[in-house]
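Visitor: I have a model open on my screen and plenty of labels to make sense of. Could you walk me through the reasoning behind them?

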Amino acid sequence: MNKQFIYPQNMRASATLWLWSLKDFAIIVVGALFSAMVLATTRILIPAVLTAAFAFLSIRTDDTTILDFIKYAVKYFISTQQYFEWGLKSKPLVKQKKEVRNDSAVNSHTSTNKEAALLPATNNKKVGE
């Protein structure tokens with residue numbers, strides 16, 4: 001007799017129940033029961049609000065929750081130091097010789113006066129002219 005077994009597509013995926021992982025769902029159920037007891041005895045809504053907030057933040061889509069995203073953002077922006085290293089690459093850069101162009105069009109716009117070199121390129125006339 002041949003037995004046929006049906007396996008899920010991704011064997012390493014975590015077990016989920018509706019929109020939550022089983023661990024998160026168990027926390028939500030225990031929190032809901034605790035919130036109901038506190039609400040019935042003392043009329044305080046704080047545990048129910050905290051349980052509802054955790055239920056919203058732990059909704060799982062594509063193996064990531066909103067809570068995970070917030071944890072990653074806090075870790076990246078606040079708690080861990082960013083490490084940057086600047087420097088040249090290990091092999092030396094090849095120096096290239098600059099070509100000196102002697103075009104008449106380029107030389108007609110340039111001036112030998114030091115004061116004219118400080119003026120904007122559109123108004124590149126000598127100061128005395």
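Guide: Gladly! This is a predicted model, and a good place to begin is the pair Asp24 and Arg60, which form a salt bridge with their closest N and O atoms 3.9 Å apart. The two come from distant parts of the chain, 36 residues apart: Asp24 sits in helix α1 (residues 22-42) and Arg60 in strand β3 (residues 60-61).

Visitor: What makes Asp24 and Arg60 a salt bridge?

Guide: The cut-off is a side-chain nitrogen of Lys or Arg within 4 Å of a carboxyl oxygen of Asp or Glu. Asp24 and Arg60 have their closest N and O atoms at 3.9 Å, so the pair qualifies. Searching the whole structure turns up 1 salt bridge.

Visitor: Why is Asp24 called buried?

Guide: Buried means under 20% relative accessible area. Asp24 has 8%, so it is buried.

Visitor: How do you know whether Ser58 is buried or exposed?

Guide: By the same cut-off of 20%: Ser58 has a relative accessible area of 2%, so it counts as buried. You will find Ser58 in the loop between α2 (46-57) and β3. Beyond its neighbours within four places in sequence, Ser58 is in contact with Leu19, Trp20, Asp24, Ile28 and Thr65.

Visitor: Which backbone oxygen lies 2.8 Å from a polar atom of the Ser58 side chain?

Guide: That of Phe54. The backbone oxygen of Ala55 also lies 3.5 Å from a polar atom of the side chain of Ser58.

Visitor: Let's turn to the rings. Why is the pair of Trp20 and Phe25 called tilted?

Guide: Two values decide that. Ring centres must lie within 6.5 Å, and those of Trp20 and Phe25 are 6.3 Å apart, so they pair. Planes under 30 degrees apart would be stacked and over 60 edge-to-face; here the angle is 40°, so the pair is tilted. Trp20 and Phe25 also belong to a cluster with Trp18, linked by ring pairs.

Visitor: How do Trp20 and Phe25 get their labels, buried and partly exposed?

Guide: The 20% cut-off falls between them. Trp20 has 18% relative accessible area, so it is buried. Phe25 has 21%, so it is partly exposed.

Visitor: What makes Tyr76 and Phe77 an edge-to-face pair?

Guide: Their ring centres are 4.9 Å apart and their planes meet at 85°, which is over 60, so the pair is edge-to-face. The structure holds 3 aromatic pairs.

Visitor: Why is Phe77 called exposed, and Tyr76 partly exposed?

Guide: Exposed means over 50%. Phe77 has 66%, so it is exposed, whereas Tyr76 has 46% and therefore counts as partly exposed.

Visitor: Which residues form the nonpolar patch on the surface?

Guide: Phe56, Ile66, Phe69, Ile70, Val74, Tyr76, Phe77 and Ile78, with about 880 Å² of accessible area together. Helix α3 (residues 66-79) gives the most, with 7 residues.

Visitor: What makes Val74 accessible enough for the patch?

Guide: A patch residue needs over 30% relative accessible area. Val74, in helix α3, has 39%, so it clears that cut-off and counts as partly exposed.

Visitor: How many helices and strands are there in the protein?

Guide: There are 5 helices and 4 strands, and from the N terminus on they run β-β-α-α-β-β-α-α-α. Of the 129 residues, 11% count as buried.

Definitions and conventions. Residues numbered from 1 in each chain as written. Predicted model: local features only at pLDDT ≥ 70, side-chain atom pairs only at ≥ 80, totals over all residues. Heavy atoms only, no water. Buried < 20%, exposed > 50% of the residue type's maximum accessible area, 1.4 Å probe, protein only. Patch = residues over 30% accessible without salt bridge, like charges linked within 9 Å, V, L, I, M, F, W, Y side chains within 5 Å. Areas by Shrake-Rupley, 256 points an atom, 1.4 Å probe, with all protein chains shown as cover. Phe/Tyr/Trp six-rings, centres within 6.5 Å; stacked < 30°, edge-to-face > 60°. Polar contact = N/O pair within 3.5 Å; in protein donor to acceptor, adjacent residues only side chain to side chain. Contact = heavy atoms within 4.5 Å.
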